[in-house]
Amino acid sequence: MLSKNQIKYIQSLGQKKFRDAEKVFLVEGPKSVHEFLTNPTTKIHQVYAVKDWCEKHSSGYTGIPLTEVDEIELERISQLSTPNQVLLIAAQYEESADIDPGGHWTLALDTIQDPGNMGTILRIADWFGIKQVVCSEDCADWYNPKVVQSSMGSLGRLRLSRRPLADWLGKWHQIPVYAAVLNGTPVQQVTRNKEGILLIGNESRGLELSVLEKAKIKVTIPRIGEAESLNAAVATGILLSHLIESGSL
């Protein structure tokens, strides 16, 4: 049985200031927890799981610090509206001091504030083999439970860096920088490349002018129907599928 202090502590990790103070984050649900438990770079602090999960999986994850809880306790410590069997507390990954975009593709995210979008974009980057993502300082917190949940483990496989984006872009004049905009060159007409930086902007405002000015190529996904815009994560996936040169990653 969990003590009141344990429950209060785990609940507090739903807030950024407490996560950052403790340098940890939460992962929930069997699939996501499996991704982090099998990632050798993940430092596990504690796993809390209901009896069924413990009986099925405890032997498969040897050496993990595991505490069995009942359904009511899991509901009290969960950040989900419908708790799902298991909750993991892990150490935050060390942020990459610098990201060198030479020779491969890098995502640069400007003011992506929706946690669901952020997590999905990280998952898409992982799908396309992109290993590094640079975020502006006002992007959503990588360790927001919704980001972790929607990234489905990809968070732990990426090099992440948070910094003033325009300043960082200014260091890499030799790397082609592509900006996702509404009125650019249709992406089907843009030559695929083995390296580049793809800029994805805010869900409603797009890219900040200081960031947009760093782009050498402005690309758009041609609209056929009547929708006003595309979700940032959807747009990221479509653009990457057209821009990345086969075998370049």
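Helices, counted as H or I runs of at least four residues, and strands, counted as E runs of at least two, are DSSP runs numbered from the N terminus. With that in hand, we can place Ala-215 in this predicted model: Ala-215 lies in the loop between α9 (209-212) and β10.

## A buried loop residue

Ala-215 has a relative accessible area of 12%. The cut-off for buried is under 20%, so Ala-215 counts as buried. Leu-198 is 17 residues away from Ala-215 along the chain, and the C-alpha atoms of the two are separated by 8.9 Å.

## Strand β2 and its partners

Let us move to strand β2, which spans residues 44-49. β2 pairs with strand β4 (residues 86-91) in the antiparallel sense, over five bridges. With strand β3 (residues 66-68), β2 pairs in the parallel sense, over three bridges. Which residues stand opposite Ala-49 in β4 and in β3? In β4 the residue is Val-86, and in β3 it is Glu-68. On the way from β2 to β3, the chain passes through helix α4 (residues 51-57), and this β-α-β crossover is right-handed.

Strand β2 also holds Gln-46. Is Gln-46 buried or exposed? Its relative accessibility is 18%, and because the cut-off for buried is under 20%, Gln-46 counts as buried. The side chain of Gln-46 reaches the backbone oxygen of Pro-65, at 2.9 Å.

## Two pockets

Now for the empty space. Rolling a probe the size of a water molecule over the atoms shows where such space is left. The table sets out the two pockets.

| Pocket | Volume | Lining residues | Lining by class |
|---|---|---|---|
| Largest pocket | about 730 Å³ | 28 residues | 15 nonpolar, eight polar, five charged |
| Second largest pocket | about 290 Å³ | 17 residues | seven nonpolar, five polar, five charged |

Which residues lie nearest the centre of the largest pocket? They are Ala-180, Val-181, Leu-182, Ser-229 and Leu-230. The elements that give two or more residues to the lining of this pocket are β8 (177-186), β10 (217-220) and α10 (232-243). β10 is also the strand that follows the loop of Ala-215, on the other side from α9.

In the second largest pocket, the residues closest to the centre are Thr-41, Tyr-93, Glu-94, Gly-156 and Leu-158.

## Two residues with positive phi

Finally, a look at the backbone. Most residues other than glycine have a negative phi. Lys-23 is not a glycine, yet its phi is positive, at about 60 degrees. Where is Lys-23 found? It sits in the loop between α2 (16-22) and β1 (24-28). With a relative accessible area of 53%, Lys-23 is exposed, because the cut-off for that class is over 50%.

Met-152 is not a glycine either, and it has a positive phi of about 50 degrees. Its place is in the loop between α7 (145-151) and β7 (159-162). Why does Met-152 count as partly exposed? Buried means under 20% and exposed means over 50%, and Met-152 has 24% relative accessibility, so it falls in between.

Terms used: Residues numbered from 1 in each chain as written. Predicted model: local features only at pLDDT ≥ 70, side-chain atom pairs only at ≥ 80, totals over all residues. Heavy atoms only, no water. Pairing = 2+ DSSP bridges. Right-handed = clockwise from strand over helix to strand, strands pointing away. 1 Å grid on protein atoms, 1.4 Å probe; cavity = no way out; pocket = protein on both sides within 12 Å on 5 of 7 lines; lining within 4 Å. Points joined across faces, edges and corners; volume = space filled by probe spheres on them. Nonpolar A, V, L, I, M, F, W, Y, C, P; charged D, E, K, R; others polar. Buried < 20%, exposed > 50% of the residue type's maximum accessible area, 1.4 Å probe, protein only. Polar contact = N/O pair within 3.5 Å; in protein donor to acceptor, adjacent residues only side chain to side chain.
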